[in-house]
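Please open the structure in your viewer and keep the selection tool at hand. The tour goes from stop to stop, saying what to select and what is there.

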Amino acid sequence: MRSILVTGLDIGTTKTCAVIAELSADPRERNDLKILGVGQAPTSGMRQVVTHIEETTESVSAALKEAELMAGVVVDRAYVGIAGDHIHGCVSPGMVAVTDEEVTLGDLERVHKVARTIALPPDREMLHAIPQEYIVDHQGGIKDPIGMAGVRLEAELYLVTCDAAAAENVRKAVQRAGYRVQELVLEPLAAARAVLTEDEKEVGVAMVEMGAGTTKIAAYYEGEIRHVVILPMGGSTVTSDLVKGLSVPFAEARRAKEQYGVAFAQLVDPQETVELPGPSPGQKRHVARELIAHIVEQRLDETLCLVHREIEEQGLVDRLGAGIVLTGGASSLHGAVELAQQIFAAPVRAGVPGEGLTGLADSVGRPKFATAAGLAMHGADRYRETGQGATTVASGLYSKLGSWLKEFF
Ligand SMILES: Nc1ncnc2c1ncn2[C@@H]1O[C@H](COP(=O)(O)OP(=O)(O)OP(=O)(O)O)[C@@H](O)[C@H]1O
Ligand SMILES: [Mg+2]
């Protein structure tokens, strides 16, 4: 018996998170993914992109080692997330003549090749080419054209490109930690994999993942990705506002935000005060919780209004029947869903990983783990499609490695 393991690695602005999961060998549990281990380490060498390779490598190494220890396994590769405002997404069409009377796999491969052929400068790298729909002899909306009769096959692919140097630096940081990058995956696509349902994607939904340094939007309708954008603001922007508004250091401001922050000031009792550190060591002062809420709300309102504008500009407003799903660490703020409901005037829910996960699924059941969990789920999807990309270990070795690891640490 072999164990088939997939690993997700999310290198965020504030933390690196690794998730190790096992695919079930039982065909009845084909779609389930068993979480074995989760590891976290703070990051300092990231500012949307890798700015310091050594520091990022250390963080990657620490997160993966922690996940390996918890899982009792050693992995050799990972599906690694990438984000930043250097990401660009666009729709690219392609058209070919059908060689026989009906569409074959060969035709499909050719039309993909045509649609993928865009003028890509040497400083850009192609991350994803995702089919949105096929058109056979002017009949659109086709998901699987193989076997269909026709003379002309068209495809629309959603292409995602990134800065080639940014991608290379992520690979370098991971490789130096001793792991292989199996695939670089756009972070919002991974997070969406973890928190959206197939029904929501069909009806139309925008996932809004609010991290520390970035807010990412991934919009879907008719089951396919339609638009991705990454905005350069997130939870750290809120913390910076609190630093100024409350005159406290960054770490204190973050603690106050996470402990007392509310994104919808109406939810706070105007009489309530909270204790914060005073100007000199040992001193305390009382601050109205409503003040904290006002500062938090103002910035979150601005961020979500930018998201709303982006959705409007892309003509998506009428296509998002299932509304908005909020996730990412900064969406943990109490009242974030209520604020978003007001801004979008649409259904809003909080998205946490859990669906389709077993084992230690609780360990990833928080919005800040959406990307890392989604990366492991994406890896599992890849393995199910291609039979590749996983770490395979003999089951006997599994426990031996586990005990070796436990002794070693
Ligand atoms: N309980 C909480 N309440 C409010 N904010 C929180 C809470 N927990 C985490 N945050 C905030 O979420 C942010 C971190 O989120 P997350 O871990 O998703 O970001 P990241 O992945 O490091 O960054 P990015 O995705 O932008 O690169 C921080 O700003 C943190 O203060
Ligand atoms: Mg993140």
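Residues are sorted here into classes: Ala, Val, Leu, Ile, Met, Phe, Trp, Tyr, Cys and Pro count as nonpolar, Asp, Glu, Lys and Arg as charged, and the others, Gly among them, as polar. Keep in mind throughout that the model is predicted.

**Stop 1: the ligand**

Select ligand 1 and the 22 residues around it. Which of these come nearest to ligand 1? They are Gly12, Thr13, Gly211, Gly235 and Gly329. By class, the shell has 14 polar, five charged and three nonpolar residues. Now add helix H6 (235–246) and helix H7 (250–260), each of which supplies at least two residues of this shell.

**Stop 2: Lys368**

Gly329, one of the residues that come nearest to ligand 1, leads to the next selection. Leaving aside neighbours within four places in sequence, Lys368 is in contact with Gly328 and Gly329. Lys368 sits in the loop between strand S19 (357–359) and H10. Is Lys368 buried or exposed? A residue is buried if 20 or more other C-beta atoms lie within 10 Å of its own. Lys368 has 25 C-beta neighbours inside 10 Å, so it counts as buried. Select Gly351 as well: it lies 17 residues from Lys368 in sequence, and the C-alpha atoms of the two are 10.0 Å apart.

**Stop 3: two helices**

Follow the loop into helix H10 (residues 370–386) and select helix H4 (residues 187–195) with it. Their axes come within 7 Å and cross at roughly 85°. H4 and H10 are therefore roughly perpendicular to each other. On the H4 side, the contact is made by Glu187, Ala190, Ala191, Ala192, Arg193, Ala194 and Val195. On the H10 side, color Ala370, Thr371, Ala373, Gly374, Leu375, Met377 and His378. This contact has nine nonpolar, three polar and two charged residues.

**Stop 4: strand S1 and its partners**

Select strand S1 (residues 2–11), where seven of the ten residues are buried. Then add the partners of S1 in turn:

- Strand S2 (residues 15–23) pairs with S1 in the antiparallel sense over eight bridges. A hairpin of three residues joins S1 to S2.
- Strand S20 (residues 391–394) pairs with S1 in the antiparallel sense over four bridges. Here Arg2 has Ala394 as its bridge partner.
- Strand S6 (residues 77–82) pairs with S1 in the parallel sense over two bridges.

Zoom in on Leu9. Leu9 stands opposite Ala18 in S2, and its bridge partner in S6 is Val80.

**Stop 5: a four-stranded sheet**

Select S7, S10, S8 and S9. In that order they form an open sheet of four strands with antiparallel pairing. Which strands stand at the edges? Strand S7 (88–97) and strand S9 (139–142) do; each has a single partner strand, so one side of each is left without a neighbour in the sheet. From one strand to the next, the twist averages 35°.

Look at the antiparallel pair formed by strand S8 (residues 124–136) and S9, which two bridges join. One of the residues to label is Val136, whose bridge partner in S9 is Gln139.

Last, show the helices on this sheet. Helix H2 (residues 105–116) touches S7, S8 and strand S10 (152–163), and its direction makes about 135° with that of S7. Helix H3 (residues 164–176) lies across S8 and S10, and runs at about 70° to S10.

How values were computed: Residues numbered from 1 in each chain as written. Chains lettered and ligands numbered in written order. Predicted model: local features only at pLDDT ≥ 70, side-chain atom pairs only at ≥ 80, totals over all residues. Axes fitted to C-alpha atoms, helices over the stretch in contact; angles between N-to-C directions. Parallel < 35°, antiparallel > 145°, perpendicular 65-115°, else oblique. Contact = placed C-beta atoms within 7 Å. Buried ≥ 20, exposed ≤ 12 C-beta atoms within 10 Å, placed from the backbone. Near = placed C-beta within 6 Å. Pairing = 2+ DSSP bridges.
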